[in-house]
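Have a look at the model below, with an eye to the places where chains and chain segments meet. A short tour follows once it is on screen.

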Amino acid sequence: MDKFLTFTIVGLATSAIYAVIASGLVLTYTTTGIFNFAQGAIGMLAAFTYWQLRFSWGWPTPVALIVVLFVLAPLFGILIDRVIMRGLQDTSETTKLVVSISLLIGMIGLAQIIWDPNVSRPYATFFATSKPLAIGPTTITWHQLITIAVAIAVAIGLRFLLYATRIGIAMRAAVDDRPLATLNGARPHRVSMFAWAIGSSLAALGGILIAPLVPLEAGTLSLLIISAYAAAIFGRLRSFPLVFVGAIVVGCTEGYLSGYLPQNQYLPGLRLASPAILLFIVLLLLPNPRLRGRTRSREFFPMPSRRGALGFAAGVTAAGVVLATTMSQPDLVTYGRVFSVGIIALSLVPLVGFAGQVSLCQLSFAGIGAIVMAHLGHNGNPIALVWAVLITAAIGAVIALPALRLSGIYLALGTAAFAIALDRWIFTLPKFSVFGLFNIDLFQQGSVSVDPLRLFGFTFDTPGSQMVLLSSVFALLSLLVVAIRRGRFGRRLLAMKDSEAACATLGLNLLGTKVTVFALSAGMAGLGGALLGSQLSSVSPQNFDLVTGLPIFALAVVGGIGAAGGALFGAVSLAGLLPLLAALLPSVSQYLVILPGLAGIGLGRNPNGAVHDLREGFMPIAKSRIVLVATVVVLAGLYAIRMLDAIDNWTYALLTMTTPLVAVVAATLLRRERADGVVPLEWRGVTEPWTDDDVRDLDRVLGLTEVELHGAARG
Amino acid sequence: MAQLAVRGVTVRFGGNVALDGVDLDADPGMVTGLIGPNGAGKTTLFNVITGLIPLNSGSIQLNGAPMNDLSPTKRARRGLARTFQRLELFSLLSVRENIRVAADIRKGWARDGSDPAAVTEALIERIGLGAVADARVDALPTGQCRLVELGRSLATRPEVLLLDEPASGQDENETLAFGALLQELAAEGMAVVLVEHDVHLVMRVCHKVHVLDFGRIIAVGDPQQIQTNPAVVAAYLGTPG
Amino acid sequence: MSNLSAVEPPDNPARSNETGHQDHNLLELRGIRAAYERIDVLFGVDLVVPEASVVALLGPNGAGKTTTLRVAAGLHVPSAGDVLIAGRRVNGAKPEELARHGLCMIPEGRGIFPNLTVRENLRMMTYVGRSLAEIEEIAYSRFPRLAERRTQTAGTLSGGEQQMLAMARGMATEPALLILDELSMGLAPIIVAELYEMVAQVARSGVSILVVEQFASTVLGVADYAAIMVHGRIERAGRPDELAADLSKAYLGG
Ligand SMILES: Nc1ncnc2c1ncn2[C@@H]1O[C@H](COP(=O)(O)OP(=O)(O)OP(=O)(O)O)[C@@H](O)[C@H]1O
Ligand SMILES: Nc1ncnc2c1ncn2[C@@H]1O[C@H](COP(=O)(O)OP(=O)(O)OP(=O)(O)O)[C@@H](O)[C@H]1O
Ligand SMILES: [Mg+2]
Ligand SMILES: [Mg+2]
């Protein structure tokens, strides 16, 4: 009984912290429509800052607290709002998600730059020296008591703010319809700034309260709040009382698990994964949603042309060959992952880009693929690839079953929970047997080796041959993705993304469609993982955990998740540019960790993705046959010269990169010359008969409004 | 036996009774009007018939077979199609693709020899969307969006077609053409149910009109009878005519 | 009544000396051009709303009526031309500033916040400086139906109830200039008649009104002036009776 009480109190105190963080999350969600994945990271930064002021510089507690909670945190919230979030109006949930995930990645990087992760930082609880209060047979510390009181105050205060004050109502109104809020006279900018300031203060409060209880480490602290997410979801991201109840359920469950879970070699991982599993369960308990009606967003991904797709695939394959033949062995190892990561990123295109279903567990599927390859692909047996695709597709299909009920942010959280459950628990399991039939030893509690692939008697055991193989596989899969987008299935996915209700009333089987696209995407990711595995030759769970996977997701969206090019963009920046920058500028390499974060943060400015602009930029080349042919010839020529060793790699790379730029300029000039051939306005009707278009042009040029002219010219 | 038979349907939202024992028949070859003041429950009735919201009591039958336990998808496959008062178009797709999706979906479950591409082109032609077929629906004015939704629902070749304010947002010319199209569809044997506030349109094209008020059917009859029914005038039409 | 002439133009106050001689026009649009992305939709619109009068803007689908209203309310920045309110150039003024000074626009479709309750929607109307109690009193007395539904989430109201809630803002905030976009869309005839009766009442109390409708018949009864817009231009403007003949031509694609 004492033990029970003790763990109840521990559980309640934890619950209170979760409640504070979850309330902040719900506040920003209901008032700005953004589910802030970085809420925990803000708390983490605040905890570090507080440590700096209070324990490193020795400021008095109240001063340090006031400075962090009421000055720095709100200012930081306002900064986030002004610089980042303001650009996110009318963007899809995916875009918003990526921005906040990027913020999370960037902030973890930032904290590691400022506060060396290898130094330990002691952190005292509040009133650490005061005697705990006795409650019956057990005791409660002052810190625990304060935490619980704070949580209750926050819950009451927020409810009052959002439902009983005008600014609170205006916050919610601005989420519904921002232009209309302005027509009512509200100032949405001010309103959202206020919301972010408070949300950020709440995150800071939670961070400072939780920091003494765990090691002060950036990654752990930022993700600790998976439990807070579960509480927020319990409250449907809306109801503060329910959030509170959810926090208690989650916190106490965790408390009892740590008290009563039996000691057993299979279970320690379960305890680590329990917040994620709880989150998953809470998600499944959500009531059945109504079918989603139409959602509007700014993103638009144009239909890829057949010609463009073939050109893209050819280019990718050619690039693979060029890289394989020009790069040194160590470089090939460093940059070799571009295309395998690319395949994993590509698996997101049909799922996220077309169907609008967010998945944060693609890298986990890749991990499963790699395991399959390791265990079934002895001596590089290619049948293992087939198995990798089939098994991951089957698991993907199973994951999709709850997905019918989840969408948007809920689905993102569900898949993240799945990823965490895998990397904290399943992937760390020791050997076990299934029905006594086979023994499974996933990662052998460390790492497992993967044999290089053998295909048609050829073993892909050099980095160069792997590069060629992977680039061709990527190219083929990109053709598959384009074929899907152009075909029946692709249209269906886009339709479902727009309005599930309309699809159902047309007789579409929603579940079947979702399961299919999930399976397809998981299969692709599994294939990518298997190939990545055989390329790395030895893989461990760390290669496939959630945090490693987030930048792939984020950068693919930054590139433009509606097209294969976006996936390639993501992979190239992650597995190509970042290592390249690190090699070129070793002195700043530690700062590079925040780059993916920065890239994602800028997404709001261009939600259609970077590739969209690139494509527009290079369009003139494709439009002019002469320039296109010339470009290809020059590139091939350069390659030949390089192969003859007449130029070195740097010169070659530089020339290769400038060629398309020159081509764009040339194509534009050519076009302009041709455009000059168009009959000047003054001469129309003289040298040629008038057309309606001409009248319209004339109107536009002269700025005329009278329609008499229009009618007269026509008559 | 009517093609679509609604019997004693009751729907409550919390304490509010949105539909209270509603009966409605829609017969093949006829345009059945459903009119009533705002908030009478017309859209709710469509939502119940298509299975998007559950009913508290009553039954819905298509060709004599009960549909109460079927999902929206299954009901669509039995031959039910609808449009939405608040447009539910696929904004990422062009006009042509919007219709094509529906034709493809139908081919997926009907497995008849129809050619979705041909069906799509024929519908674009028939509804008069040729000029905008490749435009994204987002850039179209509401009136044309309504037509795209109509085309999309026709692409599933429904037996019963439910139209929720299809003419709102259309100008007077478009409405004229639209009315003619509805009569044609009925003449081909479809059962059309029309919810609309444009009384002239309703009176011109409907064979039979149901009037809903506060969730109850207060009158059923031909347009002549409805226009002069004192209860309808008081609840809905205001000054007669 | 609110004072629209107090709106400060954000740019170039020097130009405000060109007022005076035309302050009998509450709203004036001069040579407005506007575009969405690169597509032009307005090609030099001139429109005047004299003080204390009702102006109807008519025209077929896609003519640019909504865009014109959005420009007037500050929601859409024109690519050329001037917006004058009470004789002052207010180009670039924010919609919330205009709203607080007595310009009330009720947008096309649902002019409500779907996730707020009816009462919270009314609370949003207090930004113009009236108390919630006053606003509730006016809204509920005009639309008793709203009183029954004050705690219902506005998004679950029927289409017509939503429109009443939207219209309640035009009544309860007593603006100087009321801009209505397709008020009658989706409304029962009896309610359309009632709403236009209210529009007429509001107009009699001295409020200027600019109203867009597709169906001329509903609005011409209350309008003092009308303008017909086709393809982003004003084709005709004048008294309603002068325009009857032109109307049918405009709609028939003249
Ligand atoms: N989800 C809901 N929750 C609560 N009440 C609802 C809900 N949906 C509809 N209602 C109520 O049910 C009634 C009927 O609404 P419905 O939308 O069916 O009306 P309608 O006849 O289509 O009106 P309109 O012509 O204005 O569109 C309304 O009073 C509305 O407020
Ligand atoms: N957000 C937008 N993006 C691109 N084009 C738009 C947008 N909104 C309107 N348009 C286009 O601008 C033109 C004018 O539209 P507007 O809404 O002003 O017309 P309207 O006269 O109000 O028509 P309606 O009767 O349909 O309300 C139309 O051709 C429309 O397609
Ligand atoms: Mg309705
Ligand atoms: Mg309009």
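What follows walks through a chain contact, some salt bridges, a metal site and a few loose ends.

One thing up front: this is a predicted model.

**Where chain B meets chain A**

Let's start with the contact between these two chains. Chain B brings 32 residues to it, and chain A brings 26 residues. Together they bury about 2600 Å², with 60% of that area on carbon and sulfur atoms. Which three residues do the most on the chain B side? B:Phe90, B:Leu92 and B:Ile105 supply 24% of the area that chain B buries against chain A, more than any other three residues.

The contact has a polar part as well. Seven residue pairs are in polar contact between chain B and chain A, counting pairs with both residues at pLDDT 80 or more. As for where the chain B side comes from, helix H2 (72-77), S6, H3 and helix H5 (142-154) of chain B each supply at least two residues. H3(B) gives the largest share, with seven residues. Sorted by class, the side of chain B that touches chain A holds 17 nonpolar, five polar and 10 charged residues.

**Salt bridges, across and within**

Over all chains the count is 24 salt bridges, and two of them lie across the interface of chain B and chain A. Here are three pairs, with the distance between the closest N and O atoms.

| Salt bridge | Closest N and O atoms |
|---|---|
| A:Arg491 and B:Asp104 | 2.8 Å |
| B:Asp20 and B:Arg216 | 2.9 Å |
| B:Glu188 and B:Arg126 | 2.5 Å |

Take the cross-chain pair to begin with: A:Arg491 forms a salt bridge with B:Asp104. This pair runs from helix H21 (residues 488-498) of chain A, home of A:Arg491, to helix H3 of chain B, home of B:Asp104. Are these two partners buried or exposed? A:Arg491 counts as buried because its relative accessibility is 8%, under the 20% cut-off. B:Asp104 also counts as buried, at 0% relative accessibility.

The next pair stays inside chain B, where B:Asp20 forms a salt bridge with B:Arg216. B:Asp20 sits in strand S2 (residues 16-26) and B:Arg216 in strand S10 (residues 216-221), so this salt bridge ties together parts of chain B that are 196 residues apart in sequence. B:Asp20 is partly exposed, with a relative accessibility of 27%. B:Arg216 is partly exposed too, at 48%.

Then there is B:Glu188, which forms a salt bridge with B:Arg126. This one links distant parts of the chain, 62 residues apart: B:Glu188 is in the loop between helix H6 (172-187) and strand S8 (191-195) of chain B, while B:Arg126 is in helix H4 (residues 116-127) of chain B. Why does B:Glu188 count as exposed? Its relative accessible area is 51%, and exposed means over 50%. Its partner B:Arg126 is partly exposed, with a relative accessible area of 32%.

Back at the cross-chain pair, there's a bit more going on: salt bridges that share partners join A:Arg491, B:Arg100 and B:Asp104 into one network.

**The magnesium site**

Which residues coordinate the magnesium ion (ligand 3)? B:Thr43, through OG1, and B:Gln85, through OE1, do so at 1.9 to 2.1 Å. The two are 42 residues apart, so to speak, in distant parts of the chain: B:Thr43 is in helix H1 (residues 42-49) of chain B, and B:Gln85 is in the loop between strand S6 (80-82) and helix H3 (95-110) of chain B. B:Thr43 counts as partly exposed, at 25% relative accessibility. B:Gln85 is partly exposed as well, with a relative accessible area of 22%.

**Elsewhere in the model**

Over in chain A, A:Ser340 is placed in helix H15 (residues 337-346). At 0% relative accessibility, A:Ser340 counts as buried. What does A:Ser340 touch, not counting residues up to four places away in sequence? The residues are A:Leu470, A:Gly528, A:Leu532 and A:Gln535.

Last comes chain C, with nine helices and 10 strands. Of its 254 residues, 59% count as buried. Among contacts in chain C between residues at least 6 apart in sequence, 69% join residues that are at least 24 apart.

Key: Residues are numbered from 1 along each chain as its sequence is written. Chains are lettered from A and ligands numbered from 1 in the order in which they are written. This is a predicted model: local features need pLDDT of at least 70, side-chain atom pairs count only at pLDDT 80 or more; totals for chains, interfaces and linings use all residues. Side-chain values use heavy atoms; hydrogens and water are left out. Donors are N, O and S atoms within 2.8 Å of the metal (3.2 Å for Na, K and Ca); water is not among the atoms, so sites may look incomplete. Helices (H or I, at least four residues) and strands (E, at least two) are DSSP runs, numbered from the N terminus. Buried means under 20% relative accessible area, exposed over 50%, partly exposed in between (1.4 Å probe, protein chains only). Contact means heavy atoms within 4.5 Å. Buried area is the accessible area (1.4 Å probe) that two parts lose on being put together, summed over both. A salt bridge is a side-chain nitrogen of Lys or Arg within 4 Å of a carboxyl oxygen of Asp or Glu. A polar contact is a pair of N or O atoms within 3.5 Å; within protein, one must be able to donate a hydrogen and the other to accept it, and residues adjacent in sequence count only if both atoms are side-chain atoms. Ala, Val, Leu, Ile, Met, Phe, Trp, Tyr, Cys and Pro count as nonpolar, Asp, Glu, Lys and Arg as charged, and the others, Gly among them, as polar.
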